Structure formats: structure tokens, C-alpha cells
Amino acid sequence: MTDTATRPIADAPPRTTGARGGVAARLASGPLPWLLPAVAMLGLFYLYPVIEAVRLAFTDARLFDTETAFSMRSVSSLAGSSTLGTILRNTLSYTVASVVGQIALGLAIALLVVRAERARLRGTLVLRTIVLAAWVIPAIANGIIWQLLFSEAPFGAINSALRMAGVAPVAWLSDPGNAMLSAVIATIWQGTAYSMILLYAALKTIDTALYEAAAIDAARPWERFWFITLPHLRPALLVNAILILIMTLNMFDTILALTGGGPGRATEILSLYAYGTVFQNFELGRGAALSMLLLVISLTLTALLTLLLPQERR
Amino acid sequence: MAKLDLSAITKSFGATRVLDQVSLSVPDREFVVVVGPSGCGKSTLLRIVAGLEAASAGEVLLDDRPVSQLSPGQRNVAMVFQNYALYPHLTVAANIGFGLRRARMRRAEKREAVARVARLLEIEPLLNRRPGALSGGQRQRVAMGRAIIRNPAVFLFDEPLSNLDARLRMQMRSEIRALHRAVPTTTLYVTHDQIEAMTMADRVVVMNGGRIEQIGTPTEVYSAPRTTFVAGFIGMPSINMIPARYRGDALELPSTTLPVPAAVKPRLAGHAGRDLLVGLRPEHLDIRPGGDGLVAEVDQIEPTGSETLVYLDHPAMRLSARTAPDTALSPGMQVGLRLLLERASFFDAETGLNLVPPPSNLTGELTA
Ligand SMILES: Nc1ncnc2c1ncn2[C@@H]1O[C@H](COP(=O)(O)OP(=O)(O)OP(=O)(O)O)[C@@H](O)[C@H]1O
Ligand SMILES: [Mg+2]
């Protein structure tokens, strides 16, 4: 392989097996050797833990108990669990609200920044950096920050501001109805930066002449958005949706720090529930089964969204 | 249908002045080609007319009505962009019909209008395709279709052919002209290609460095260039510029002195003793093997089939001449040149201005 690799490309006719190339050259013309390193890495660090989790899901393993027996209890206990129903409903509303919110807000800010740049306004770089700063903060710190902001104690920033404005304070975290909203706000605040950067990059690739042509065709703002911006952003929006969906489904540190899943189970989502099952109740088998459920949900939704991506013609 | 007037348009980007007092008057239905080297401000001028850019000073008038306060969509102009700017996610039919979105027409009428334009441009089979699946020439036609369907007051073209290969460019040149005959619309057409300017224009506007150098018919700018810039920019191969001095009925040229024909004398009257430039087109240099008058050495011979171009070296300059294809010249030969001074343009070497102002009027009024 080395001797074909060092030969200048122009000299190397494609797919020939010269006397010097031999087996190496024939192998190199197939996909296998190129895929092998990636397959090995993924297999070792991703696939093996997944297989291990599947195995654990069918045991009665406990966290500090090394003696395990195969059992269907972990899986079957999920089937009729009313707690799980609540958890799934929480997960659904939390995920949908967060994902839609992050994409919508990220898109809005990206459009604003691009618009400002076209108008040659100052400060767009600062704005982008500030938004991005939220993304750099660890999720657990984000949870703590928002806990301080939402705090119903006298020093709670948001309630203090409301009080100064003459509005009655809101039970942001202690009211079960508001707690989910607060969790969603904290998540959107942090995740928006990611959408913004992704969509900003996509917006920058749109040929400005299209907008000029539209201006000459007397297109209104919504028409420019609908006929030019949105179709162009479609792939980026879908990829963005997939990534954010997975991140949000797996998000638990922000909520852990913000509400700990409470009050009651009001903000407990699947990832947090699985975490609690393993690390607070030590039910490793059941936790593994919950993780499997999370994996299946993630994969299904990802597959559905991937179907919407524009297919390249073969 | 409209008359387009530009009055003293000036445009600066920061400290750089890109357009300087550009005035131009285009009568209804005229096809005007703006030509000039890269960066001379042609696109900027077009964009100001379209309303995509605001002039720093001056006014654009459509049918004597100032339009500076109007948005591009309100001006009723149509523009064909250099890269076509077709909406990539709409079909060809939707692209062409885009301008009819709000027209008070029934759906069937709109479809009929699109079909009519497609027929005119011979792109009917492509109506259901996306722009991505079209060739450059086809995109070009769709872009024109999108422009003409709106029946605009003014057509604006910004180097629409520069992305096409030579053969297609030639074909599209005559198609655009044919289209203009079929749908006579006031047109401002920008290009840096002087052949496009010469072949397509009713009138040519030659620009340089943000200023208009000359406005005239193709023949006028070719045979009576107002400045040395116009003389050098129009015509391929470039005009020969021979430094000279007019002295007592004779022209002193490098290494020779020529008597001035009686017909030329009035044009040189009053310029005795001045440094001049004699502009002679390659077809106005006669090669005489053996040689008399100006003597130069043949450097390079370029047969084009219908004629042969001869490039010559003279100690003071480089010259080119157009000859019949059956020339017996070969590189290295010493030849004499006869200059057809009756056909020459004479420029003041200092100002670069033609001594005899050409018949066309720089301010752009048509000379009746
Ligand atoms: N937005 C802008 N900001 C600053 N300078 C600009 C801007 N647009 C154009 N210019 C400058 O104005 C000058 C004229 O530009 P313009 O695009 O009108 O040239 P052009 O004649 O169309 O050239 P080309 O044949 O290359 O298209 C150039 O020097 C260009 O650098
Ligand atoms: Mg240009």
C-alpha cells in the first residue's frame, strides 16, 4: 500500500493491480480498509456499551450487586408502570417545547444577525459571541444559574424584577404547572446558541442575488422567507432538529440542578428517571431497560427526520 | 415602455467615488449597451437604476418621473443577473411566473402567459424542471423569461452572457437582439465585452473610471472615438497609436516624416507644434513589402481564415495590421507601411481628447 500511496496520483491509473501494487492495491480499491478504523473505534466505545446495556436490561442487576441472574422483570415492569406513563408524557412535552423553541429562537436570532450584517450594522460579532457564551456554560451550571434566577426567595432575580414592575411574583419552580415551563426556558436559553450558529452558517450560503431578484420581483418579506430562505434552510433545519432532539432527549443535568425532577415528578423526564433509577435506587437492570427505551425513541425519531432530508440522486 | 434618464448620478462607497456625474438619456425602446473595463462602475450604475443601490447624488427618471424614492419592486424594471439568480427551489414555470404572483389574472391565464414566454424562448420542454437541472444557456433563457413576462418598463442586463461559451454567447447575442425586435423594450445592457457592445447596441456608452467617455452608435465610437481610451478599448486588435508632431504641412513620426493629405489639414489646423497621437485602425495600415514611409519588422502572423492579422515591431512602438489572407509575409521581414491618414483619428497627446469632436453628443441627446 505504501508504494502505491507515494506514487503521484497522475501516474496511478485507477483500479489497476500493477505488479508492484498487488494485493494491497486491490484491497485499497474496495471500501473495507477505509472503513475499518472507524468501525473499530465505534465498535469499541459505542457498540460494546450498547450491547452491554441490552444484556443488563434482561437481568436483575443492582448497582453494587455483582451476582446477577437473567430475568424479564426489568423489562416487564416497565410495561404496566403508571410512573413511566407520566415520565413519557413529561418527556414528550419537554422535548417538543424545547426543540421547537430552540430552533425557532435560533432561527430568529440568525436571521436578525444576517439582516444586521447586510445592513452593515455594528455589533453583530458581539451579539453572536454573547449568544454563543450560553452554549459554553456547562449544563449543570446553567441549571444552577436559572435556579437562582427563578428562585422564589427574596433574592430571586426574576421575581424581584417583577415585584419592582408591580407584578405579583410567580411560583416558577414550586408550582408543578410552571416548573416544566421553567425547565423548558432554561433549556432553550442554553441550546439556542447551537441552532443559531448552525442556521447562521446556512443562511450565509444563500446567494444574495436571489434576494435582489426577489426585490425586483416585488416580493414581500414573507415571500422572500417562504420561497428563498426556508427551502434553502430545509436540510440545515432538519439536521439541526435531529441533533437538538437527541441532545434534548438525553439532557438531564440542567433539570437535575434546576428542579431535580420535581415538584413531585412534574419535570422528571426519561433520562433523569433512568439516572435516578440507577444511581438513587441502584436498580441497574431497570435503568438499563429505561436507557434502551430512550435509545429506541431517539433512533425512531432520528430515522423519521432523516427520511425528510433531501435525498441525493443516485 | 418607458424613457429612462439618468441625471448626474454620483456614487461613493466610503471615500471611493465609483460613479462620477453620470448622465444618460435612453429613449423609449432603445437598446443601450454600457461597456467598460472591469471595475469601472457599470454594475453599480445598473443597480442604481434597479433600486438595489441608492445613488449618493443625482436622480433616475422613468418617463420623467423621479424614482429614487421607489423600491425596486415599484419601479417596474426587470433585471437579468450575471449568475441568473433563478430561484433554485422553484420549477422553471414557477420561476418565470413569479412576477405574476399578484397580477389580477386567473390561474389559467397565468399559465397561458408562462407558456407563451416559454414558447418565445423555446424552453417549453423544461417548464417542470428545477434550475439545477438546466445548462447555462437554458438558465439564461429562463432568466430572460422571468424578466419579460412582467412586461417591464425597462430591461436591465448585467453581463448576462459572460458565463457562456463562445458559440453560445454568439447565438444568445442574436437571440437577445431578436427578442428586443419582437418585444421592443427600453434596455440597458452592461458588458465588458466590446464585441457585444458593437453587435447588439443601438447606442454604446463607453465608461471608464466611473465616468462616461463617449456615447454614440457603434460606428461612431469605432470610427470617431472621442478619447484615446475609447479608441483603445473598442476594436480588436487594438487601434495603433503613433506619436506624432504636426509641423508645417507634415507629420513628424518616429523615424519618418509624412506629408499631410489636403483633406486632413483642416482637422489639424491650429495644432502645429503640439504632441499628437495618430490613431489608426489595423485596417488602415497598408503593408508594402520592400518598404517606404514607416519601416517595421514583422513579428507575428495570425491567420483567422477570412483575414490575417500582422503584428509588427517598430523601435518606438508595436503595430498591428489587417491584411488579406493570402499574404506572403513571414516573421523577421522588414516591411514598409502606408498610413491611410484620411481615416485616422488625431488626439492631443496631453489630454487624450480627439482634436475633432466626434459627431455624437456626449450628453446623450440623439443627434437628429
Ligand atoms: N458594496 C461596495 N462597497 C465598496 N466598493 C464597492 C462596492 N460595490 C462595488 N464597489 C467598487 O466599485 C467599483 C465599481 O464596481 P462595479 O461592480 O460597478 O464594477 P463593474 O464595472 O461592474 O465591474 P465588472 O466588469 O468587474 O463587473 C469597483 O472598484 C468596486 O470595488
Ligand atoms: Mg459588474
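**Exercise 1. What is the order of the 6 strands in the open sheet of chain B?**

Solution. Keep in mind as you work that this is a predicted model.

Step 1: Trace the sheet from one side to the other. You should read β6-β7-β8-β3-β9-β10, and the pairing is mixed.

Step 2: Look for the edges. β6 and β10 (211–216) of chain B each pair on one side only, which makes them the edge strands.

Step 3: Follow the twist. From one strand to the next, it averages 20°.

Step 4: Zoom in on one pair. Strands pair through backbone hydrogen bonds, either parallel or antiparallel. Here β3 (residues 31–35) and β9 (residues 203–208) of chain B run parallel and are joined by 4 bridges. To find one of them, start at V33(B); its bridge partner in β9(B) is V204(B).

**Exercise 2. Find helix α10 of chain A and work out how it is covered, and by what.**

Solution.

Step 1: Go to residues 208–216 of chain A and sort them by burial. A residue counts as buried under 20% relative accessible area. By that cut-off, 8 of the 9 residues are buried, so the helix is mostly covered. Among them are L210(A), Y211(A), E212(A) and I216(A).

Step 2: Ask what does the covering. From chain A, the buried residues pack against α5 (82–118) and α11 (221–250); from chain B, they pack against α1 (42–50), β6 (77–80) and α4 (136–148).

Step 3: Check both ends. At the N-terminal end, D207(A) acts as a cap, with a side-chain oxygen 3.0 Å from the backbone nitrogen of A209(A). After the helix comes A218(A), with a positive phi near 60°.

**Exercise 3. Describe how chain B meets chain A.**

Solution.

Step 1: Count the residues. On chain B, 22 residues are in contact with 17 residues of chain A.

Step 2: Take the area. About 1700 Å² is buried between the two chains, and carbon and sulfur atoms give 59% of that. Y87(B), H89(B) and R102(B) together supply 30% of the area that chain B buries against chain A, more than any other three residues.

Step 3: Look at the polar side. There are 14 residue pairs in polar contact between the chains, both at pLDDT 80 or more, and the salt bridges number 4. One salt bridge links the side chains of R47(B) and E212(A), at 2.7 Å from N to O. You met E212(A) in Exercise 2, as a buried residue of α10(A).

Step 4: Name the elements. α1 and β6 of chain B give two or more residues to the side that touches chain A, and β6(B) gives the most, with 3 residues. In Exercise 1, β6 of chain B was an edge strand.

How values were computed: Residues numbered from 1 in each chain as written. Chains lettered and ligands numbered in written order. Predicted model: local features only at pLDDT ≥ 70, side-chain atom pairs only at ≥ 80, totals over all residues. Heavy atoms only, no water. Buried < 20%, exposed > 50% of the residue type's maximum accessible area, 1.4 Å probe, protein only. Contact = heavy atoms within 4.5 Å. Polar contact = N/O pair within 3.5 Å; in protein donor to acceptor, adjacent residues only side chain to side chain. Pairing = 2+ DSSP bridges. Axes fitted to C-alpha atoms, helices over the stretch in contact; angles between N-to-C directions. Buried area = accessible area lost by both parts, 1.4 Å probe.
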